[in-house]
Amino acid sequence: MAESYRNFHRRSIEDREGFWREQAALIEWERPFERVLDYDRPPFARWFVGGRTNLCHNAVDRHLATRAAQPALIYVSTETGAERTYTYGELHAEVNRCAAMLQALGVGKGDRVLIYMPMIPEAVFAMLATVRLGAVHSVVFGGFASHSLAARIDDARPAVMITADAGMRMGKVIAYKPLVDEALRLAQQPPKNVVIFDRGLDKSMARVAGRDVDYAELRARHMDAQVPVTWLESNEPSYILYTSGTTGRPKGVQRDTGGHAVSLIASMKHIYCGEPGETYFATSDIGWVVGHSYIVYAPLLRGMASVMYEGVPVRPDAGIWWKLVEQYKVAVMFSAPTAIRVLKKHDPAYLKKYDLSSLKHLFLAGEPLDEPTARWIADALERPVIDHYWQTETGWSILASYPGVERTPLKFASPSFPAYGYDLRLLHETSGQEVGDEEKGVVAIVPPLPPGCLTTVWGDDDRFVQTYFTSFAGKQVYSTFDWGIRDRDGYYFILGRTDDVINVAGHRLGTREIEEAVCSHANVAEVAVVGVQDKLKGQVPLAFAVAKDPSGLTTPAARKAMEQEVFDIVDQHLGAIGRPAHVLFVTLLPKTRSGKVLRRSIQALAEGRDPGDLTTLDDPAAIEQIKSAIASVTT
Ligand code: PRX
């Protein structure tokens, strides 16, 4: 009889080493590991110690013997009209060329390569080429602007950067190169070389002699390159991915090599039920963790074909994704609730127009999945729609249903159960005691974290420990900073963040980062940014600003003009994804007597809820100002 998910989970916790030894056999090791787990220095976990492997070998080379002529990467751009399938053999050739190019620019083991690219195959070649060389990639989402990019350059200190002339969205060219030039001007230690893939979208692109290198020209010199993989000890880093927290300084989530590979291939088998030779379609972007894990690594490690899609879900019409499902016989799809809410506004007939018989299930993650959206898509697809919950930090599911082990019934709005490998608890916010069923608590993980989770914060072990493992006095447990609740049947529900991180259309942003950008306006003295509920995007940022000199802001037109200036600054610093829905001007912010801004109360008022306990409020007039500012945009 098949093993129950409960037993599978129990085994993963009670016999950690046996369980993960079994999973580790899913990948190839150049040298076997000596120890499954080294947990001698909590909370730092080292998995598969002494084993040597390589991600690129497992994602590409390994499949050549059996599937060289089978599709590996299916590229579709509804922005440029490009459509091209790379077989495993072709992917191998392109990755070797790119690896030789990087090598020619001096990249070697341990060096960082910063990838700032739109959704084009060369971004995937660059990621795989980097790990082939034993180097470390840091992909920065193409929607981030120059200040964000510069901060990441300064933290990762890349040897080389790879970019493109432009991206494209909704038919509009978005030039990348001016942002890159500006970021390199701002950076303290810019890389010596920038490789530019010229898509021919931005004809006015300028090049810096001696620094900028043309991708196509360099590639032409390495057409027959065969670059041997650099074997890495399992715990050596494979990549850095920056993510937002409560400070203005993003954290470099560091991933290892062996644990990363094992966790992703195992998740493809047990959670997504993706089989070798099938097609997987994750609608995310390579700049986010979902893109890393489920556009690139997991499908390729498993020998699947992965669809890489540049475009929006509703162009040329709202049937485009389903058309791709039919055309490429997609077996498993992964998307985000916001995308489904966007599709829900369109004619449901689009879902009936195509043959979706290849599709086994749709997975959704990244933000809370509301029940009406879940029902709508499940009814339309007539397939299981599986909500699962995880974070950039973990790299794969924390909560999920795992139909590859047991098909457990799904409950709407619940990402089901703790994934195998996670000793999950719901803890009381202050006492740190476990809460009971139907009681709200903080979702916490008793370490060691399973394979694939972050191993540290890049260059800052202390920050790793301080940020994630010190939320509960006297207990070293990992905090997800999410509220959760478990029902009597053991199903979990996620209730939102405990910190100042917000989730805009599935994109994670720190309100602090937005505040810092807003504050760089010459006439802003202080600002509070909160995330407020939005029907489409889940949340949107809303800014309450105190002007240094409010005398010029007496008319609505003057306030609008300054709001626009603030928008422009946020666009330049962070990118348009961080732009607040409104900037509302007040003369003081509600604070406690000790000077802490009452963000939760502001957020509650903006969402039409009770502001909660205001006994510590310093000046009640501040709350009245917030109320009338909100009324000015809601009435
Ligand atoms: O608040 C949770 C929310 O997104 C956060 C992680 O975002 P990110 O690091 O971008 O990783 C996304 C990986 C899918 C979480 O702390 N979140 C993620 N999935 C869900 C969710 N909230 C509710 N339900 C989910 N399924």
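Modeller: A residue is called buried under 20% relative accessible area, exposed over 50%, and partly exposed in between. The model discussed here is predicted.

Colleague: Is A505 buried, partly exposed or exposed?

Modeller: A505 is found in the loop between β28 (501-504) and β29 (507-510). Its phi is near 50 degrees, a positive value in a residue other than glycine. The relative accessibility of A505 is 23%. The buried class stops under 20% and the exposed class starts over 50%, so A505 counts as partly exposed.

Colleague: Is F481 buried or exposed?

Modeller: F481 is found in strand β26 (residues 478-486). Phi of F481 is near 65 degrees, which is positive although the residue is not glycine. Its relative accessibility is 18%, and because the limit is under 20%, F481 counts as buried.

Colleague: How far is an oxygen atom of the ligand from an N or O atom in the side chain of D482?

Modeller: D482 is among the closest of the 17 residues that surround the ligand. The contact joins an oxygen atom of the ligand to an N or O atom in the side chain of D482. A polar contact needs a pair of N or O atoms within 3.5 Å. The distance here is 2.5 Å.

Colleague: What share of the ligand's exposed area does the protein bury?

Modeller: Polar side chains reach the ligand at several places: a polar side-chain atom of D387 lies 2.8 Å from a nitrogen atom of the ligand, and an N or O atom in the side chain of Q391 is 3.0 Å from an oxygen atom of the ligand. Taken alone, the ligand exposes 540 Å². The share of that area buried by the protein is 96%.

Colleague: How many residues of the shell around the ligand are nonpolar?

Modeller: The shell residues divide into three classes. Five are polar and five are charged. The number that are nonpolar is seven.

Colleague: How far apart are the end C-alpha atoms of helix α19?

Modeller: Helix α19 (residues 620-634) has 15 residues. The expected span is 1.5 Å times one less than the number of residues, which gives 21 Å for α19. The distance in the model agrees with this: 22 Å.

Colleague: What arc around the axis do the buried residues A622, I623, I626, A629 and I630 of α19 cover?

Modeller: In α19, A622, I623, I626, A629 and I630 are buried. They lie on the same side of α19, because the arc they cover is only 125 degrees.

Colleague: Which exposed residues are on the face of α19 turned away from its buried side?

Modeller: An α-helix has 3.6 residues a turn, so residues three or four places apart point the same way. The face of α19 turned away from its buried side carries exposed residues. They are P620 and S632.

Colleague: How far apart in space are S146 and A183, C-alpha to C-alpha?

Modeller: S146 is in helix α7 (residues 146-156), and it is buried at a relative accessible area of 5%. Along the chain, S146 and A183 are 37 residues apart. Their C-alpha atoms are separated by 4.5 Å.

Colleague: What is omega of the cis peptide bond that joins P447 and P448?

Modeller: P448 is found in the loop between β24 (441-446) and β25 (456-457). The peptide bond from R315 to P316 is also cis, with omega near 0 degrees. For the bond joining P447 and P448, omega is about 5 degrees.

Note on methods. Residues numbered from 1 in each chain as written. Predicted model: local features only at pLDDT ≥ 70, side-chain atom pairs only at ≥ 80, totals over all residues. Heavy atoms only, no water. Near = heavy atom within 4 Å. Polar contact = N/O pair within 3.5 Å; in protein donor to acceptor, adjacent residues only side chain to side chain. Areas by Shrake-Rupley, 256 points an atom, 1.4 Å probe, with all protein chains shown as cover. Nonpolar A, V, L, I, M, F, W, Y, C, P; charged D, E, K, R; others polar. Helix = DSSP H or I, 4+ residues; strand = E, 2+ residues; numbered from the N terminus. Buried < 20%, exposed > 50% of the residue type's maximum accessible area, 1.4 Å probe, protein only. Arc of directions from axis to C-beta.
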